[in-house]
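Student: I should like to learn how charged side chains are read in a structural model. Could we work through a case together?

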Amino acid sequence: MNIAVVLMAYGSPDRLEDVPAYYADIRGGRPIKPEHLEDLVARYRRLGIEDSNPLNEITEATRAALEAELGIPVFTGMRHWQPRIADAVEHALTGGADVIVGLVLAPHYSSMSIERYRGQLVDAVGGRAEVRFVERWGDEPGFIELIADRVRGTDAHVVFTAHSLPARILGEGDSYKDELLETSRLVAEKAGVEQWTFSFQSESPTGEPWLGPDILEHLSALAADGVRYVLVAPVGFVADHLEIKWDLDVEAQERAAELGLTLHRIELPNAEPAFIRVLAGLVRRAAAVPLNA
């Protein structure tokens, strides 16, 4: 077998001037309210993303480290930016791959997220190679240990978070929320944390109900219950996305200050070696061959 990996992520604009095209891609051609676009541009500008995007640099560092760890080609494919998932597939096939392992940089399955990555990957391959897809990995022992190390020994109330999705997925039997709660439980158990709760973040203004409680509302509830110290552990994220840098480091911090709370968040795995080893283990299992083990 000639094996290659397509490492998939949501995507993020490279420069401030790319934000309108990026947002248009996410919206899939649907009209964009000018105020929403202006708000997004303002967020990127406030975070200092003008000519380069640290998240894309983190993704590339992750790709390169995973390739070195496995000893096989690894190509980045973005769902909403360049390089596209289809581009990554073409590179893999041109290199002679007859087995492509698809791995998304998101631990928990949802029909609205992971399943769409799978669809793009399978469509791009078009039967030209065998696809082996990693569907979920939120309970992977190495991942649980990595996050547990970041909350172990804290005196704060731990709030685990993840990106919200439309609440209608619950009626469709989607496992997303259950998987997130299980990851949180496993991390808390591993770390010996007793005081913890879960909330969602990063809801989009689509006009329909989204999964909650939202982190900002949840902080208000915790303050009302007498909590004064909070440690946020965004278990649904593995890198410093806009949703981390803005929704937690700016908005949640501002809300915490208003409430008299002291709020910190854990460092995300990004491209650190322990996380790369977790990803490599997932690929090896999917490939069913040693791969530099």
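The dialogue below concerns salt bridges and the surroundings of one glutamate in this predicted model.

Student: What is the general idea behind pairs of charged side chains?

Tutor: Side chains of opposite charge can pair when their charged atoms come close. For the present purpose, a salt bridge requires a side-chain nitrogen of Lys or Arg within 4 Å of a carboxyl oxygen of Asp or Glu.

Student: By this rule, how many salt bridges does the count come to?

Tutor: The count is 27 salt bridges. One of them joins the side chains of Arg 285 and Glu 140, with an N to O distance of 2.7 Å. Arg 285 belongs to helix H12 (residues 273–287), while Glu 140 sits in the loop between strand S4 (130–133) and helix H6 (141–151), so this pair ties together parts that are 145 residues apart in sequence.

Student: Are these two partners buried or exposed?

Tutor: Arg 285 counts as exposed because its relative accessibility is 55%. Glu 140, with a relative accessible area of 12%, is buried.

Student: Which residue forms a salt bridge with Glu 272?

Tutor: The partner is Arg 150, and the side chains meet at 2.3 Å, N to O. Glu 272 is in the loop between strand S8 (262–265) and H12, and Arg 150 is in helix H6, so parts that are 122 residues apart in sequence are tied together by the pair. Glu 272 is partly exposed at 26% relative accessibility, and Arg 150 is partly exposed at 23%.

Student: What separation in sequence does the salt bridge between Arg 265 and Asp 249 span?

Tutor: The side chains of Arg 265 and Asp 249 meet at 2.6 Å, N to O. Since Arg 265 lies in strand S8 and Asp 249 in helix H11 (residues 247–259), the parts tied together are 16 residues apart in sequence. Arg 265 is buried, at 16% relative accessible area, whereas Asp 249 is partly exposed at 29%.

Student: Which residues are linked in a network of salt bridges?

Tutor: Glu 115, Arg 118, Glu 135, Arg 136 and Glu 179 are linked in such a network.

Student: How should the surroundings of a single residue be read? Which residues does Glu 243 touch, leaving aside those up to four places away in sequence?

Tutor: One begins with the position: Glu 243 lies in helix H10 (residues 242–245) and is partly exposed, at 21% relative accessibility. With that sequence exclusion, Glu 243 touches His 163, Gln 201, Ser 202, Phe 237 and Leu 248. The C-alpha atoms of Glu 243 and His 163 are 8.0 Å apart, although the two residues are separated by 80 residues along the chain.

Key
Residues numbered from 1 in each chain as written. Predicted model: local features only at pLDDT ≥ 70, side-chain atom pairs only at ≥ 80, totals over all residues. Heavy atoms only, no water. Helix = DSSP H or I, 4+ residues; strand = E, 2+ residues; numbered from the N terminus. Buried < 20%, exposed > 50% of the residue type's maximum accessible area, 1.4 Å probe, protein only. Contact = heavy atoms within 4.5 Å.
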